[in-house]
Amino acid sequence: MEKQFLIAVCGPTASGKTSLAVRLAQELDGEVVSADSMQIYKYLNIAVAKPTEEETQGIPHHLIDFLDPKEGFSVADYVRLAKEKIADIAAHGKQPIVCGGTGLYISSLIDNISFDEDGGQDMEYREELGRLAAEKGNEYVLDMLREIDPETAARLHPNNLKRIIRALEVYKLSGKTMSEAQRDSRKEPSPYQPCMLMIDYDRETLYGRIDRRVDVMLEQGLIDEAREFFGHTDYSTAAQAIGYKELKPYISGEEPLEVCVERLKRETRRYAKRQLTWFYRDERIFRILADMNTDNEEIFRKAKNYIKTCRNSG
């Protein structure tokens, strides 16, 4: 069976993924399937850098802005929906382009990882871990996971307590780490011929882009959006998004704005570093090296040439 040619534009926050994906979609008659674990939520806009109508330039973007922030959303949910969207785009004669910075979404989709939804539950153990996190902090529970499954722990943020607890629960129930379970789940070959690329700015340039993006977000009304967000106490899953919790001390009158903004920039840079660590591990990803002097046309040209190479090699 012929594999579907699938372009994936991945990389850290503020690296210009959306802009490149839109240019490629215009050039290749494509549509974009988002791979961002926070842009899926409705009402979260500025903080998660959800692309605007101006940025998408009329190119359809799928799996964005469709889920209520009160609801959870698993990697298995993403893979299922992304497969459906890719098949639909291809059926209409268009080129599917995956674009995002959530590495687990992208690798799970491209590697065709199947997820066992019936892996069992231990609610008592979950509650015990939740109490531990409340008493000693999320980092303590993440350290427990590091002891048994450093691979999974390395890709989880301390705020992602739900996933940390689930990884520990999987090990307790099955004796297998989450990373082992995921490797075992690659039973079926991938239906895709992947062509993966990322814009890889030098660290100084990337951090400068992140700082400027935060400044623009503030100009666009991030503080008002955060204030509105904190009016909803049931947005626990979406609360992992960087951009809200860092501003909470300012909104509650505990800290000056400058301190909170600097914290937001620092946390966003740390998040970008974790994203880079993930993507650097995948040797299939073609890195378009760039710095502050590299213009978008040069990046687009290199991406287009690499995609042509991918097609010919398939």
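**Stop 1: helices 6 and 8**

Select helix 6 and helix 8: their crossing is left-handed. This is a predicted model. The two axes come within 10 Å and cross at roughly 35 degrees. Now show side chains at the contact. Helix 6 brings Asn-138, Val-141, Leu-142, Met-144, Leu-145 and Ile-148. Helix 8 answers with Leu-161, Ile-164, Ala-167, Leu-168 and Tyr-171.

**Stop 2: along helix 8**

Keep helix 8 (residues 161-174) and hide its partner. How far apart are its end C-alpha atoms? They are 20 Å apart, and this agrees with the expected span, because 14 residues at 1.5 Å a residue should also give 20 Å. Colour the buried positions next: Leu-161, Ile-164, Ile-165, Ala-167, Leu-168, Glu-169 and Val-170. Note that Glu-169 is in that buried set. Which elements do the buried residues of helix 8 pack against? Bring up helix 5 (123-136), helix 6 (138-148), helix 7 (150-154) and helix 9 (178-184). Then step just past the end of helix 8. Gly-175 takes a positive phi of about 80 degrees there.

**Stop 3: two charges over rings**

Select Lys-172 and Tyr-125. The charged end of Lys-172 sits over the Tyr-125 ring, 5.2 Å from the ring centre. Now pick Arg-23 and Phe-300. Arg-23 lies over the face of Phe-300, 3.9 Å from the centre of the ring.

**Stop 4: an aromatic cluster**

Select Phe-66, Phe-73, Tyr-78 and Tyr-105, which form one aromatic cluster. The structure holds six aromatic pairs. Start with Phe-66 and Phe-73. This pair is edge-to-face, with 5.8 Å centre to centre and 75 degrees between the planes. Is Phe-66 buried or partly exposed? Phe-66 has 32% relative accessibility, so it counts as partly exposed. Phe-73 has 16%, so it counts as buried.

Move on to Phe-73 and Tyr-105. They too make an edge-to-face pair: 6.4 Å centre to centre, 65 degrees between the planes. Switch to a cartoon view to place them. Phe-73 is in the loop between strand 3 (61-62) and helix 3 (75-91), and Tyr-105 is in helix 4, so the pair ties together parts that are 32 residues apart in sequence. Both Phe-73 and Tyr-105 are buried.

**Stop 5: helix 4**

Stay with Tyr-105 and select the whole of helix 4 (residues 103-110). How many of its eight residues are buried? The count is eight of eight, and the helix is mostly covered. Label them: Gly-103, Leu-104, Tyr-105, Ile-106, Ser-107, Ser-108, Leu-109 and Ile-110. What packs around these buried residues? Among the strands, show strand 1 (4-10), strand 4 (95-100) and strand 5 (192-201). Among the helices, show helix 3, helix 9 and helix 13 (257-280). Just after helix 4, click Asn-112, which takes a positive phi of about 55 degrees.

**Stop 6: Leu-289**

Finish at Leu-289, in strand 6 (residues 286-290). Is Leu-289 buried or exposed? At 55% relative accessibility, Leu-289 counts as exposed. Draw a C-alpha to C-alpha distance from Leu-289 to Ile-199: it should read 6.3 Å, although these residues are 90 apart in sequence. Now list what Leu-289 touches, leaving aside its neighbours within four places in sequence. Select Asp-200 and Lys-302, the residues in contact with Leu-289.

Technical notes. Residues are numbered from 1 along each chain as its sequence is written. This is a predicted model: local features need pLDDT of at least 70, side-chain atom pairs count only at pLDDT 80 or more; totals for chains, interfaces and linings use all residues. Side-chain values use heavy atoms; hydrogens and water are left out. Rings of Phe, Tyr and Trp (its six-membered ring) pair if their centres lie within 6.5 Å; planes under 30 degrees apart count as stacked, over 60 as edge-to-face and the rest as tilted. Buried means under 20% relative accessible area, exposed over 50%, partly exposed in between (1.4 Å probe, protein chains only). Helices (H or I, at least four residues) and strands (E, at least two) are DSSP runs, numbered from the N terminus. A charge sits over a ring if NZ of Lys or CZ of Arg is within 6 Å of the ring centre and within 35 degrees of the ring normal. The expected span of a helix is 1.5 Å times one less than its number of residues. Contact means heavy atoms within 4.5 Å. Axes are lines fitted to C-alpha atoms, for helices over the stretch in contact, and angles run from 0 to 180 degrees between N-to-C directions. A crossing is left-handed if the near helix is turned anticlockwise from the far one by less than a right angle, and right-handed if clockwise.
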